[in-house]
Amino acid sequence: MEQQEIKIKHIETKSVMTKSNVPLGGYSVNPYVGCPHACKYCYASFMKRFTGHNEEWGTFMDVKEWSQIRKPEKYAGQKVVIGTVTDGYNPLEETYKNTRRILEELKDSGAEILICTKSDLVLRDIDLLKEINEKSRLTVSWSVNTLDERFKDDMDAAVSIERRLAAMKQVYDAGIRTVCFISPVFPEITDIEAIFDKVKDQCDLIWLENLNLRGGFKADIMGYISDKYPDLLPLYDEIYNKKDRSYFEALRKKAENLAKINKCRFIDNETPYERVPKGHPTIVDYFYHEEVKGTGNTGKRKVK
């Protein structure tokens, strides 16, 4: 997918720190509104209706401006997730440096910081990340749901999978905890075993999250499947129109067995902070994460 021209606007915000309602809890930090990656499956596209933008999602970005974070120490021990509805290391971060500013303001806070990205621009800040890691809990997570660059290019305008994995390895080798977020898992397209084999020596955790089709992009994805993978359309119809969970229930068992074979921990709805022996990443089941929300990462889901 080619990068489109992005409309830029600067906006003032009272605080860049927002109490989070994502499963991890704590605080969400989004240094930008909108994201030029333009992922076709982006759950965050719902944010458009709050922005005042008429442009398509992925074609605009608002650069936040905020007063310096006062008393950063009040976030000590709190989870702070950077990039819940945008990628803080999107290509325009190279110019605006908002994510670096946040890290500098929080570097002595004692917060437990998680950075979520699809970029290798994070390597620009590796010295700062190492400094933070010496004092606090720091994690960097890359979304990787395919090893097929053609499929990736159909889905987003972010950097290649090859560049993401190379960045993950460099950050891991620097002694910083890393995550491979296999998300979203496209049924019969995402090969979790192949990705596991590729990343197991350069990450501490692997998170699994299903493709969740809702809102305006459901028709787009179903149309894509019909066009590019017509043999899979009956399966997608069962999952996304008839609400059949059997595919992901079977995939969960497959992932659990993968963990067992490779002597990895397999856990449900939990995010342990740990470094693990190389080659044995903990596998975390976040399938159907709506059952995870609000559970405090206890390992117990809210199942109706």
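Start by selecting helix H3 and its surroundings: its buried residues are covered by, among others, H2, strand E7 (112-117), strand E8 (138-143) and helix H5 (161-173). Keep in mind as you click around that this is a predicted model.

**Stop 1: helix H3**

Zoom in on residues 126-135 and show side chains. Ile-126, Leu-128, Leu-129, Ile-132 and Asn-133 are the buried residues of H3. Now look down the helix axis: these buried residues sit within an arc of 155°, so they line one face of H3. The spacing fits a general rule: an α-helix has 3.6 residues a turn, so residues three or four places apart point the same way. Next, color Asp-127 and Glu-134, which are exposed on the face of H3 turned away from the buried side.

**Stop 2: helix H2**

Move to residues 98-106, which make up helix H2. Which residues of H2 are buried? Select Asn-98, Thr-99, Ile-102, Leu-103, Glu-105 and Leu-106 to see them. Their arc around the axis is only 165°, which puts them on the same side of H2.

**Stop 3: the nine-stranded sheet**

Hide the side chains and switch to cartoon. Nine strands make an open sheet with mixed pairing, in the order E2-E3-E6-E7-E8-E9-E10-E12-E11. At its edges are strand E2 (17-19) and E11, each paired on one side only. From one strand to the next, the twist averages 25°. H2 from the previous stop packs on this sheet, where it touches E2, strand E3 (27-29), strand E6 (79-82) and E7. Its direction makes about 165° with that of E6.

Stay with E7 for a moment and add E8. The two strands pair in the parallel sense, over five bridges. To pick out a bridge, select Thr-117, whose partner in E8 is Trp-142.

Further along the sheet, show helix H6 (residues 192-199). H6 lies across strand E9 (177-185), strand E10 (205-210) and E12, and runs at about 165° to E9.

**Stop 4: a cis peptide in E9**

While E9 is on screen, select Ser-183 and Pro-184. A cis peptide bond joins the two, with omega at about -10°, and Pro-184 itself is placed in strand E9. For context, most residues other than glycine have a negative phi, and most peptide bonds are trans.

**Stop 5: two positive phi values**

Two lysines are up next. Lys-71 has a phi near 50°, a positive value in a residue other than glycine. You'll find Lys-71 in the loop between E5 and E6. Is Lys-71 buried or exposed? Its relative accessibility is 60%, and with the cut-off for exposed at over 50%, Lys-71 counts as exposed.

Then jump to Lys-97, in the loop between helix H1 (93-96) and H2. Its phi is near 60°, again positive in a residue other than glycine. With 41% relative accessibility, Lys-97 counts as partly exposed.

**Stop 6: Glu-274**

Select Glu-274 in the loop between strand E11 (266-268) and strand E12 (282-285). Which residues does Glu-274 touch, leaving aside neighbours within four places in sequence? Show Arg-177, Asp-204, Arg-265 and Thr-282, which are in contact with Glu-274. Turn on distances for two of these. The side chains of Glu-274 and Arg-265 are joined by a polar contact of 3.0 Å, and those of Glu-274 and Thr-282 by a polar contact of 2.8 Å. Add Leu-205 too: its C-alpha is 8.7 Å from that of Glu-274, though the residues are 69 apart in sequence.

**Stop 7: the three-stranded sheet**

Now for another sheet. Three strands form an open sheet in the order E1-E5-E4, with mixed pairing. Strand E1 (7-12) and strand E4 (32-33) are at the edges with a single partner strand each, so one side of each has no neighbour in the sheet. E4 and strand E5 (residues 60-65) run antiparallel and are joined by two bridges. Select Tyr-32 and look across to its bridge partner in E5, Val-63.

**Last stop: zoom out**

Show the whole chain again: there are nine helices and 12 strands in view. Of its 304 residues, 55% count as buried. The accessible surface comes to about 14,400 Å², with 47% of that belonging to carbon and sulfur atoms. Among contacts between residues at least 6 apart in sequence, 74% join residues at least 24 apart.

Notes:
Residues are numbered from 1 along each chain as its sequence is written. This is a predicted model: local features need pLDDT of at least 70, side-chain atom pairs count only at pLDDT 80 or more; totals for chains, interfaces and linings use all residues. Side-chain values use heavy atoms; hydrogens and water are left out. Two strands pair if DSSP finds at least two bridges between them. Helices (H or I, at least four residues) and strands (E, at least two) are DSSP runs, numbered from the N terminus. Contact means heavy atoms within 4.5 Å. A polar contact is a pair of N or O atoms within 3.5 Å; within protein, one must be able to donate a hydrogen and the other to accept it, and residues adjacent in sequence count only if both atoms are side-chain atoms. Buried means under 20% relative accessible area, exposed over 50%, partly exposed in between (1.4 Å probe, protein chains only). Accessible areas come from the Shrake-Rupley method with a 1.4 Å probe; for residues, only the protein chains shown count as cover. The arc is that of the directions from the helix axis to the C-beta atoms. Axes are lines fitted to C-alpha atoms, for helices over the stretch in contact, and angles run from 0 to 180 degrees between N-to-C directions.
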